[in-house]
Amino acid sequence: CSSIGVLRRHPSQRWAVEEADVTAISKVQLEVLTNAAKLVRPGGRLVYATCSLLKEENSEVAAAFQASDVGKAFEPWLI
């Protein structure tokens, strides 16, 4: 993750993360989420949680997952 959620404890992180990093990290998060979803048993739950405050790592990844073929098998999430 981008570690944006720990800015209070590590304020220097604000200058360490670039926009391109967040884009790349979000792609990896979507891949991890998609692969994890394939391991959930029927009727099971899939939880996607991050400490990030960025919509690119949260709601945008969740929306992309829900729009995917794998994501459509799950009930819609609260975003």
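Me: Before we start, what does buried mean here, and where does Ser26 fall, buried or exposed?
Reply: Buried means under 20% relative accessible area, and exposed means over 50%. This is a predicted model, and in it Ser26 is found in helix α2. Its relative accessible area is 11%, so Ser26 is buried.

Me: Thanks! Which residues does Ser26 touch, not counting residues up to four places away in sequence?
Reply: Ser26 sits in helix α2, and Glu60 is 34 residues from Ser26 in sequence. In space, the C-alpha atoms of Ser26 and Glu60 are 8.5 Å apart. With residues up to four places away left out, Ser26 touches Glu56, Glu57 and Val61.

Me: Let's step back to the whole chain. How many helices and strands are there?
Reply: Read from the N terminus on, the elements run α-α-α. That fits a count of three helices and zero strands.

Me: What share of the residues of the protein chain counts as buried?
Reply: The cut-off for buried is under 20% relative accessible area. The protein chain has 79 residues, and the share of them that counts as buried is 23%.

Me: Among contacts between residues at least 6 apart in sequence, what share joins residues at least 24 apart?
Reply: A contact here means heavy atoms within 4.5 Å. One contact between distant parts of the sequence is that of Thr34 with Phe65. Among the contacts between residues at least 6 apart, the share joining residues at least 24 apart is 51%.

Me: Which residues make up the largest nonpolar core?
Reply: Helices α2 (19-37) and α3 (59-67) each supply at least two residues of this core. The core has six residues in total, namely Leu33, Ala37, Leu46, Val61, Phe65 and Phe74.

Me: What is Ala37 in contact with, leaving aside its neighbours within four places in sequence?
Reply: Ala37 is one of the residues of the largest nonpolar core, and so are Leu46, Phe65 and Phe74. Those three are among its contacts, and Val70 is on the list too. With its neighbours within four places left aside, Ala37 is in contact with Leu46, Phe65, Val70 and Phe74.

Me: Why are the buried residues of α3 on the same side of the helix?
Reply: The residues concerned are Val61, Ala62 and Phe65. They are on the same side of α3 because the arc they cover around the axis is only 100°.

Me: Is Thr34 buried or exposed?
Reply: Thr34 has its place in helix α2 and touches Phe65 and Val70, not counting residues up to four places away in sequence. Its relative accessibility is 17%, and the cut-off is under 20%, so Thr34 counts as buried.

Me: And Lys72, buried or exposed?
Reply: Lys72 is placed in the segment after α3. Not counting residues up to four places away in sequence, Lys72 touches Phe65, Gln66 and Ala67. Its relative accessibility is 57%, and the cut-off is over 50%, so Lys72 counts as exposed.

Me: How far apart are the C-alpha atoms of Val28 and Val61?
Reply: Val28 lies in helix α2 and counts as partly exposed, at 47% relative accessibility. Val61 is 33 residues away along the chain. The separation of their C-alpha atoms is 9.8 Å.

Me: Last one: how do the residues lining the largest pocket divide into nonpolar, polar and charged?
Reply: This pocket holds about 270 Å³ of space. Its lining includes Val40, Pro42, Gly43, Arg45, Glu75 and Trp77. By kind, the lining residues divide into seven nonpolar, two polar and three charged.

How values were computed
Residues numbered from 1 in each chain as written. Predicted model: local features only at pLDDT ≥ 70, side-chain atom pairs only at ≥ 80, totals over all residues. Heavy atoms only, no water. Core = buried A, V, L, I, M, F, W, Y, C linked by side-chain atoms within 4.5 Å. Buried < 20%, exposed > 50% of the residue type's maximum accessible area, 1.4 Å probe, protein only. Helix = DSSP H or I, 4+ residues; strand = E, 2+ residues; numbered from the N terminus. 1 Å grid on protein atoms, 1.4 Å probe; cavity = no way out; pocket = protein on both sides within 12 Å on 5 of 7 lines; lining within 4 Å. Points joined across faces, edges and corners; volume = space filled by probe spheres on them. Nonpolar A, V, L, I, M, F, W, Y, C, P; charged D, E, K, R; others polar. Arc of directions from axis to C-beta.
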